[in-house]
Amino acid sequence: MALGFLLGLSTNVFAATYADVVLVVDESSSMGGEHAWLQTMVPSLQAALLTAGVGTGADVNRYG
């Protein structure tokens with residue numbers, strides 16, 4: 001009961017305005033398929049973040 005009351009007090013929702021994304025990749029030759037997958041996954045991730053409003057303001061999404 002007390003938890004429900006406390007949750008009801010908060011009306012503000014805070015969301016990330018940008019994302020810092022770190023990719024850790026195995027560089028061995030056996031990972032060729034995964035390297036190819038990253039070439040499409042990263043732009044797809046960026047598109048999804050932008051659609052959700054993450055990285056659209058003054059701070060951009062950063063990848064490393």
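**Overall architecture and the setting of Asn61**

In the protein chain, the elements follow the order α-β-α-β when read from the N terminus, and the structure described here is a predicted model. Two helices and two strands are thus what the protein chain contains. Of the contacts in the protein chain that link residues at least 6 apart in sequence, 59% are formed between residues at least 24 apart. The protein chain has an accessible surface of about 5200 Å², and carbon and sulfur atoms account for 65% of this surface. Within the 64 residues of the protein chain, buried residues amount to 12%.

Asn61 is situated in the loop that runs between α2 (32–51) and β2 (62–63). The relative accessible area of Asn61 is 9%, and this residue is classed as buried because its value falls under 20%. When neighbours within four places in sequence are set aside, the residues in contact with Asn61 are Tyr18, Ala19, Gln46, Leu49, Leu50, Val54 and Gly55.

Two of these residues, Ala19 and Val54, also take part in closer description through their backbone atoms. The backbone nitrogen of Ala19 is reached by the side chain of Asn61 at 2.9 Å, while a polar atom of the Asn61 side chain lies 3.0 Å from the backbone oxygen of Val54. The side chain of Asn61, a residue of the loop between α2 and β2, is accordingly placed with respect to a backbone nitrogen, that of Ala19, and to a backbone oxygen, that of Val54.

Terms used: Residues are numbered from 1 along each chain as its sequence is written. This is a predicted model: local features need pLDDT of at least 70, side-chain atom pairs count only at pLDDT 80 or more; totals for chains, interfaces and linings use all residues. Side-chain values use heavy atoms; hydrogens and water are left out. Helices (H or I, at least four residues) and strands (E, at least two) are DSSP runs, numbered from the N terminus. Buried means under 20% relative accessible area, exposed over 50%, partly exposed in between (1.4 Å probe, protein chains only). A polar contact is a pair of N or O atoms within 3.5 Å; within protein, one must be able to donate a hydrogen and the other to accept it, and residues adjacent in sequence count only if both atoms are side-chain atoms. Contact means heavy atoms within 4.5 Å. Accessible areas come from the Shrake-Rupley method with a 1.4 Å probe; for residues, only the protein chains shown count as cover.
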